[in-house]
Amino acid sequence: MARSVNVWKSVDKLTIFLYVVLVFLGWISIYAASYDYDQASIFDFAERSGKQLVWIGLSFILASAIMLIDSRMFEIYAYMIYIAFMLLLVFTFIVADEVKGSRSWLTITDSIRLQPAEFAKFATALAIAKMFNGYNFKFTKPANFFKVVGLVLLPMLLIVMQQETGSALVYLSFIFMMYREGMTGLVLFGGICAILYFVLGIKFSADMWMGAPLGESIVLIIICAVLVGMIYFFAENRLVARNLSIGYIVAAVVTAILIACGIEVPMLYVLLGIVALSLIYLLVVYFMTFSSRILVAIAVTIVSVVFLFSCNMVFSKLQPHQRTRIEVLLGMKEDLRAAGYNVNQSKIAIGSGGFWGKGFLNGTQTKLKYVPEQDTDFIFCTIGEEEGFWGACLVLGLFTALILRIMVIAERQPRPFGRVYAYSVLGIFFFHLFINIGMVIGLCPVIGIPLPFFSYGGSSLWGFTILLFILLRIDASRSEHF
Amino acid sequence: MIAGAVLAVVAIYIVRLFMLQVGDNDYKRYADSNAFQRKILYPSRGFIYDRNGELMVYNQPAYDVMMIPREVRGLDTLDFCNTLGITIEQFEKYISDMKDRRKNPGYSTYTPQVFMTQLSAQDYGRLQEKLYKYPGFYTQNRVLRQYSRPIAANVLGNIREVSPSDIEKDDYYRRGDYTGDLGVEKSFEEVLRGVKGEEILLRDAHGRIKGKYEDGRYDVQPVSGRNITLSIDADLQAYGEKLMRGKTGAIVAIEPATGEILALVSSPTYDPSVLVGRERGKNYAKLTRDPANPLFDRAIMAMYPPGSTFKPTQGLIFLEEGIITPETNYPCTGGFVVGGLRVGCHAHPSPLPLIPSLATSCNAYYCYGLRSMLDNRRQYESTSEAFEIWKNHLVSMGYGYRLGVDLPGEKRGFLPNSKYYDKFYGENRWRALTIISIAIGQGEILATPLQIANLAATIANRGYFYTPHVVKSIQDSIIDTTYTERRYPSIDSRYYDYIVEGMRAAVTGGTCKTANLPDIEVCGKTGTAQNPHGRDHSAFMGFAPMDNPRIAIAVYVENAGFGATYGVPIGSLMMEYYLKGEITDPARKDLEHRMFNSKVVGNSGKKR
């Protein structure tokens, strides 16, 4: 029989404190971002700050309600919640009107619209947590791995269909949890390589260098470097790695001399030749040592080269508008609303804040509406401009504290269910923070996802509140046995 | 490891923030509240030409008065109103409209707002001289439409200011922008509008322009809208509109070999130039209130009973299904009389085979044919099954669904299916005789003039058609392949020759003798559609010349009596005018004169 505990006594008060502070700062930032001299009251319900206050009040009620639910309910109904939200996503896609190119909003009344994609995150996290909690569940088994990936891919796919690519990318954050649960680092490494190859290959495919597309040349060089790295660290064959490095250096020097002498070098073929020679050399090594890790390195290299050329081919076969979207994302093309301009304006606004900032409500760049989406995706700008470096650091610090606190909570969970859910929550928060602030300060591509608790919008605030408070509820019952 | 990743990212971000905010860089220099002015550069809207290259729609300059509310100082309101030629009340209304966030979601006192649109060149001149006295105001060049001829309003459409819902739907629009309304202006909005540009100007503390921000690196040049060439022949269109004056109805002329619409006349119509400029709102309201409804494009939106113009489809279906051969005779005893049921007909020889039945437009022939088909229990299991086959043939000929013309608002007409009758009469409670009037294009059947003209084009082509369209080509682009692919109805092409022969016989010695021309082999079919709301509608469908047809046509005149009274003369004049360029024969000249000046005043029995 379960031993119930007093929820209020065992709940993590530090997290609640951080949550309340962040939500409060978010609210006054929204007020500052949409502030105009014509309107003065932060409580005016016709304005966004007033509306956000309503959303905040409702989130507190929501949070309290979650606290009253028995924590076992989340586990028992996890799959049902997941299925319900997937159906809701499908339903949204079917009935939603197109708003600015996306079909992700459910219209409740004229002024109230919800974005189910924001709520699907916690449902997915619960479902995955329940799967991990299953009796004798071993994540390292490939079948289980693919089951979990399937659970993540389904909402991603549905959200991409709603034309909300940014929100869909958030689901990549489940990788953190998978890594914690023992996913081999190779998958992470392979994923990063694949993204890197794709981005570089596409981005520089139009620039020619030595008679070959620059992108493909760069990627081939990286593939060679990765190969040496794999032989050195993974196959642990120092000698072969050294030989390969020497070979590459010689090849590079010879090529450089040839170029300096004004001889045309067919770079693509040279690089492909070098890769092929390396592979032949490694095959020979394999037949001498029978080290299966060498074989893995060979396979990885071949797959990489095939991937590089196939993604260029696939890319050129895409529909023009899909291609444009990827090109804009990679900064190859400025879209009509000129994302490059936005980021530049956002940097100007932040840069003008200085160390101490211009003071609350005294920001000029954001008020002048130079920065687009200043109370949603680009809200960090307002903080940077009005509160300066220390304010921006404070917000970053609060988020870091929240994320690290979630990690502490995660590690003290007695059961996989709580731990996996906590790491999923951590991943989601971190991903939002990473992308949103990175985008505003010009370090990440512009992907429209909100800054938790700060960006205006009821759906996102509610989504994050539910996400966090389910975790707190599960954590509050960690000492119960059942 | 994960904690490390989090801390590393945060550390990188803090360094970056430090560089941006505390380190020395260009970003601070620009951060003056007056540093930037973003000015929108409007593209020129694409021109519209007719099929012979005649310019039909082009642009005229207009001016918007813009206002940056926060920079307005010491405005002499009375003087300002006098300059603009507006009253103080209007001034206040403009201001309150501008501040209304429901009408203008992008309102801010810091950014340029549209104060007033479409200033005339005169007022613009006066304002420009005194502009220095009104800080915070400036003008912006815009384009309005100008029409070279007062024709084809239903095809061309017009432009209007965007509504808040347009802005909501498409990010491209800002308050005060224009968008296409009706016609090709609407359906080809994205081609015609081009892409707005923007320049970012740097200003000093006094608001004076100091040049371009970063030498125009972030400027976007506007891209002019692309020109469109219509398939409409402006002369033929004008001629058709003249013929239809005083009458209610529509003419659709199609070039069979391409599906290009040569003329799309809807009557009554209006001069498209009344919907340009400041008077647009008033004129638009007037057109909306007009009981004759000139904004309603009867050529593609009106759904009429096709009447006898429907008979060729029946002949084709009966031939295809093997119900009749061209030699099959059916009697006509002054009509189709079975039991207590009687569908009347007029005097002609009896019995008669297919070709003369088309020439004389015998009702009985098609009633017998439909009954033979629907009651044929050897070939079809039930009336429903036979009926569905009958219906599917018609659908393949373009009836019952939208053809897909490249204009907004096309209607689909109406074809009942067996479920419709099951519901109406009860399952298995209906048979051929219950619904016999559909054989002669009466009863539930409704079609748009476009669908009737498309049938004429299909017969002219002996068995295929192209989706009718009004846009022949787009500058630097090609038209959608749906308009360049042949569509084949489910009727074998060899059967069409009999129908063509019948339609030829109708002209040489049948119901459309008025269309008989000495030098052009015209084929035609009249239609006199009964309508429960008033006098019969007069219809005609035809094409010419018989071999290698260049024009297929449908004419529909509401409440004008027999097909031969109005439909045939108008249709034949249109074809003759198009093929020869003018009407010369004195007798035909008389006919033309009569058509120009006749009026059909009847109660409007149109179905919508």
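This text walks through a predicted model, taking in its internal spaces, salt bridges, backbone features and one surface patch.

The search for enclosed space covers the whole structure and returns 4 cavities of 30 Å³ or more. About 180 Å³ is the volume of the largest cavity. Its lining consists of 13 residues, and those nearest the centre of the cavity are B:Y42, B:P43, B:R142, B:Y178 and B:R193. Sorted by class, this lining holds 7 nonpolar and 6 charged residues, with no polar ones.

Open space is represented here by the second largest pocket, which has a volume of about 740 Å³. It is lined by 23 residues, with B:Y94, B:D97, B:T117, B:Q118 and B:E161 closest to its centre. Several elements of chain B contribute at least two lining residues each: the helices α4 (88-99), α7 (164-169) and α11 (280-289), and the strands β4 (113-119) and β6 (158-161). The most is given by β4(B), which supplies 5 residues. In this pocket the lining divides into 8 nonpolar, 7 polar and 8 charged residues.

Salt bridges come next. Over all chains, the structure contains 36 of them. One, in chain A, pairs A:R180 with A:E411, with 2.9 Å between the closest N and O atoms. A:R180 belongs to helix α9 (residues 174-180) and A:E411 to helix α17, so this pair ties together parts of chain A that are 231 residues apart in sequence. Neither end is classed as buried or as exposed: A:R180 is partly exposed because its relative accessible area is 28%, and A:E411 is partly exposed at 43%.

A second salt bridge, in chain B, joins B:R149 and B:D235, whose closest N and O atoms are 2.6 Å apart. This pair also links distant parts of its chain, 86 residues apart: B:R149 sits in the loop between β5 (137-147) and α6 (153-156), while B:D235 is in helix α10 (residues 234-243). With a relative accessible area of 24%, B:R149 is partly exposed; B:D235, at 35%, is partly exposed as well.

Another pair in chain B is B:R494 and B:D492, where the N to O distance of the salt bridge is 3.4 Å. Here B:R494 counts as exposed, because its relative accessible area is 53% and the class begins over 50%. Its partner B:D492 is partly exposed at 33%. Back in chain A, salt bridges also form a network, which links A:D12, A:R405, A:R412, A:D475 and A:R478.

The backbone of chain B has some features of its own. The peptide bond between B:S350 and B:P351 is cis, and its omega is near -10 degrees. B:P351 lies in the loop between β14 (341-344) and α14 (354-360). A cis bond also connects B:A544 to B:P545, with omega about -15 degrees. The proline B:P545 is in the loop between β19 (534-544) and β20 (551-557).

Positive phi values in residues other than glycine are a further feature. B:A152 has such a value, near 60 degrees, and is placed in the loop between β5 and α6 of chain B. That loop also holds B:R149 of the salt bridge described above. With a relative accessible area of 1%, B:A152 is buried. B:L182 likewise has a positive phi near 60 degrees. Its position is the loop between β7 (178-181) and α8 (183-187) of chain B, and at 24% relative accessibility B:L182 is partly exposed.

One more loop residue of chain B is B:D219, located between β9 (209-212) and β10 (228-230). B:D219 counts as buried because its relative accessible area is 15%, and the limit for that class is under 20%. Although B:D219 and B:R38 are 181 residues apart in sequence, their C-alpha atoms are 9.2 Å apart in space.

The last stop is on the surface, where residues of both chains form a nonpolar patch of about 600 Å². The patch is made by A:F355, A:W356, A:W390 and A:L394 together with B:F18 and B:V22. Within it, A:W356 lies in the loop between α16 (339-351) and α17 (379-411) of chain A. A:W356 is exposed, with 63% relative accessibility.

Methods:
Residues numbered from 1 in each chain as written. Chains lettered and ligands numbered in written order. Predicted model: local features only at pLDDT ≥ 70, side-chain atom pairs only at ≥ 80, totals over all residues. Heavy atoms only, no water. Patch = residues over 30% accessible without salt bridge, like charges linked within 9 Å, V, L, I, M, F, W, Y side chains within 5 Å. Areas by Shrake-Rupley, 256 points an atom, 1.4 Å probe, with all protein chains shown as cover. Salt bridge = Lys/Arg side-chain N within 4 Å of Asp/Glu carboxyl O. Helix = DSSP H or I, 4+ residues; strand = E, 2+ residues; numbered from the N terminus. Buried < 20%, exposed > 50% of the residue type's maximum accessible area, 1.4 Å probe, protein only. 1 Å grid on protein atoms, 1.4 Å probe; cavity = no way out; pocket = protein on both sides within 12 Å on 5 of 7 lines; lining within 4 Å. Points joined across faces, edges and corners; volume = space filled by probe spheres on them. Nonpolar A, V, L, I, M, F, W, Y, C, P; charged D, E, K, R; others polar.
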